[in-house]
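Here are some notes to read beside the structure, written for someone meeting such a model early in their studies. Please keep the sequence open while you go through the points.

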Amino acid sequence: MLIGLYNYWVVVVLMMIGFYIVIANGNLIKKIVGLSIFQTSVFIFYISMAKVDGGTAPILAEGIKQYSNPLPHVLILTAIVVGIATTAVGLALAVRIKEAYGSIEEEEIQAKDNLDC
Amino acid sequence: MSFLSLDTMLQFSIVLPVLATLGIVVAGRHPNLREAVTITTSLVLLYFVSSLYQGYESGETISVQWWELIPGLQVSFKIEALGMMFALIASFLWLITTVYAIGYMRRHNEQNQTRFYSCFAIAIGSVMGIAFAENLFTLFIFYEILTLSTYPLVTHSGTDEARKGGRIYLGILLSTSIAFFLLAIVSTWFVAGTLDFTAGGVFDANVDLTVAGVILVLFIFGIGKASIMPFHRWLPAAMVAPTPVSALLHAVAVVKAGVFTVVKVIVYIFGLDQLQNVSSSDWMLYLSGFTIIVGSIIALRSDNLKRRLAYSTVSQLSYVIMATLMLLPLSVTGAALHILAHAFGKITLFFAAGSIYVASHKTKVSQLNGIGRRMPWTMLAFAVGSLSIIGLPPTIGFISKWYIVLGAMEAQQLFVIAVIISSTLLNASYFLPVIYAAFFKSEDQPVEHGEAPVLMVMALTTTAALTILLFFYSDNALELAQQLLPGNSNGK
Amino acid sequence: MLTHLPVLQVIVPLLAAPLCLLLTRSRLVWVFTLIVSGLAFVISGLLLQQVMATGTIIYELGGWDAPWGIEYRIDQLNALLLLIISGVSTVVLMAAHTSIRKEISPDRHSLFYILYLLSLAGMLGIVATADAFNVFVFLEISSLSAYALIALGKDRRALWASYQYLIMGTIGATFILIGIGLMYQMTGTLNMYDLSQRLPGVENTRTLFTAFSFFIVGVCLKLALFPLHLWLPNAYAYAPSIVTAFFAATATKVAIYLLIRFTFSIFGLSFSFTALPLQLLFVVLGLAGVFVASTSAIYQTNIKHLFAYSSIAQVGYMIIGFSVSTVTGLMATLLHMFNHALMKSALFLALGAVMYRFGSVKINDFHGLGRLMPYTMAAIVVGGISLIGVPLTVGFISKWYLLMALIEKGWWPVAVLILIGSLLAVVYVWRLVEVAYFKPPVAGNEAVKEAPLSFLIPIWLLVSANIYFGIDTRLSIQVAQAAAHSLFGVSP
């Protein structure tokens, strides 16, 4: 039972790793890396749930009755694009923050902001 | 009988003052023209209201429906006895006050007079809306407009003191109306399914008495303009306003709108019979008695003349509430008459206070020694006003108090009788010494000054004369007051 | 043409966005964007008319039947939201050309309009689509452009705010994605209508609970429900003024739309309110939001911060109305979404005008603003009064319905707390009013002039809407009522 669902365990572990990095790390780049891992875990979740036992890739062929569900793959293709866009925007922001604040450490940025106030 | 139908006049009596603000603003740069606009408007308004009165007396039903704001809740107006009386008082005294205000504001070279007259007109328009409202919902709308439109008047001088006064004024009036009054209205709407003022009340017989009791308390505290303790502090705070504002709005229009609403709620939302069984009405009766006594004591201890008058108003307003809460025909008649009596008496007193201030820049009671010889008209009027508040003949104040006392006798309310006796003594002791000092003591430091400007003296003599005249010609007022009661509603 | 309205609604701004690149002149791009947004507004108006006349419109993209193809479904709820979004967007855009001249460097002007249109298209898409995954895609389109728009703010803190929003927003969106994935896993469909048909069959599975929980948390992050609101104040405060005005009126509303759509039409009322203690949770969080955010608002010195916190408080009211889960409660929420959009767009646009003249919106800049920029400040006062909920403004209508809903449900304590919470609005609005009218301008600010007409016209359009829809409530109440009824009656 537990082992049969190992794909979910992988998803959950990846998700928690990503989430932890986002929350606990002060470095803006690392946060984005964490965010990517977090998102990727969801992609894996979608892909793995589409697999039908004994099914093959959904290409019409002689003698094959069972196919895996192709729809989640398509969905995840979209989600990957979204994920890349998010990462790109995040990194671009990090670059601009570095230019404006001279740092990409959360604490230092907060400290500079507090000085401004 | 006239070129306008009564229904149209009813609408115009609300809209006209608001429209007049346009004229006032446009004519803002020419003071004479601007004041002419105000005076004309108040004359026309008075004409409208008195025509409405005639129409009402001849037994016509005058009502107007505007539009449905929320499904089931109309903004609509209908003339009824108490509202008629209130509208007559307010529109008549607006005319007098305008005359007075012109003298006061010019002598004083006040700033922003255009804003002053505009807001004043809006306030009067909303008072008309309150007076003629057919249902509680309409009344509430105009009640809130009245609060907001008088804020700029209270803070007119723009000083720090005015800002603080305005903060208390708006804070208490808006908070009570939002937190209690609105809740009470929504609850009534939910429980009774209607907010129309109905003879005998809107709640049906099997309404939960606890709920009704809670709603009553919410109403009485929520109608902050009636200034029952502990929500009375806005009234003394509002005294930072120029005297015409204090005179018309904070002795007549705003505070009377408060007690007017209380009376309407008790008579037309709850119904006198219904309330007999609600225990919280007793508690509110005691609270109003408490307010009367404490208000009078604070008045006695105040040396600032306007503050003394303000606390006197606080206590007099509770007379109306207390009389209504005795839930007897006689006492409710007394309450309605007291709205009239106090209006004339107190506006005279405020006019006098303003005259004294303008002529001599004195604001304290202790400075008034011997002033009666320099300002005989003003101080005579002051004496008449005082007599009316104390409740002595030959002033209208005597009649209203008479009815309240009769009501208390009939109800065998010893508490009320005790309150009336002691407050009368207190009233006498905070007014009579002033009059004595003004006429019979000699001045401390003689300063040369004469009477106030002639417009002001005219105004205050008129109201003083009326305070006396109404004593002799009180029939019409009495008739209106009695129509408030179920069964005597003028055939309607 | 008319049959394609649902898709045109989304496609027009989406396709117009890249076209902006071809127009190089800033003014041209502005006019183009304004026309596109105006078109979207016209389309949504037509859609609403159609829906109210004939009922739900179903549009199949590319002619593919659902569930294979993507379907757009417009019912009363969507149509209302579409109208709010496109309407606010159009009016706010009128001031954009003037406003961004001072806030964004010229070489980025066309980029600004592109992002703006994308964000608009994204929000319209979220609302129009009936496909769960499509929701996610549009959500990310609008969010990604929102991050970039916020980062355009001239203060460097805009970057930091945008980054924080990006992190929080992405986590929220991913949670929503997980929720949708789990729903798909259980039912094999992404079409909302199909989902609503199939979900009851798997109602008692743990997977569905998980799906629901992930989805709700994700949406609550997006709608800034206390305590998931931390991204909002800075994002609103440092974004360019136009962006703030647009987002404050629309962004959180879209998330609330999702919440309503998924809980009421997809999961169904009985599941949504039994699976999790959602009712209790939302009432508590909503109330906490009202109190905490309103209290924080009182202490802000940056006025954009002040109104951002006020937005969080207002979201609290919407959530409370939602959690009552009766027709009246839902109506209150929908009305407040409509009304709050009008208030906040007016207020933030007025702040944009202040920003335009002063370069900042600190409380110091408001000293003497009543004299320096009388029309702008008057707009803020009216907007603030509407926020407090004074009669004859839109705020009163939604408050009335919320109170009704709570009292119908018997939640008296909540009703009382809400009224007390709305008193806090009096405090933070009046703090601004006092500063603007009673303090002299800070040294150096005396020569500031009134905002240009390109600001005043849209501001006063919105302010008039605040009053108009507070008086003539037919449109808003009818639509809200129809939407609420359809949500309780049949599935989407």
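1. Trp160(C) is buried, with a relative accessible area of 3%, where buried means under 20% relative accessible area, exposed over 50% and partly exposed in between, using a 1.4 Å probe and protein chains only. This is a predicted model, in which local features need pLDDT of at least 70 and side-chain atom pairs count only at pLDDT 80 or more, while totals for chains, interfaces and linings use all residues. Residues are numbered from 1 along each chain as its sequence is written, chains are lettered from A and ligands numbered from 1 in the order in which they are written, and side-chain values use heavy atoms, leaving out hydrogens and water.

2. Tyr163(C) is also buried, at 1%, and shares helix H7 (residues 157-187) of chain C with Trp160(C), three residues away, about one turn of the helix; helices here are DSSP runs of H or I with at least four residues, numbered from the N terminus.

3. Over all chains there are 63 aromatic pairs, counted when rings of Phe, Tyr and Trp (its six-membered ring) have centres within 6.5 Å, with planes under 30 degrees apart called stacked, over 60 edge-to-face and the rest tilted. Tyr100(B) and Phe351(B) are stacked, because their centres are 4.1 Å apart and their planes at 25°. This pair joins distant parts of the chain, 251 residues apart, with Tyr100(B) in helix H3 (residues 81-108) and Phe351(B) in helix H13 (residues 329-360), both of chain B.

4. Both partners are shielded by the accessibility rule: Tyr100(B) is buried at 0%, and Phe351(B) is buried at 0%. The rings of Trp160(C) and Tyr163(C) are stacked too, since their centres are 5.9 Å apart and their planes at 15°.

How values were computed:
Helices (H or I, at least four residues) and strands (E, at least two) are DSSP runs, numbered from the N terminus.
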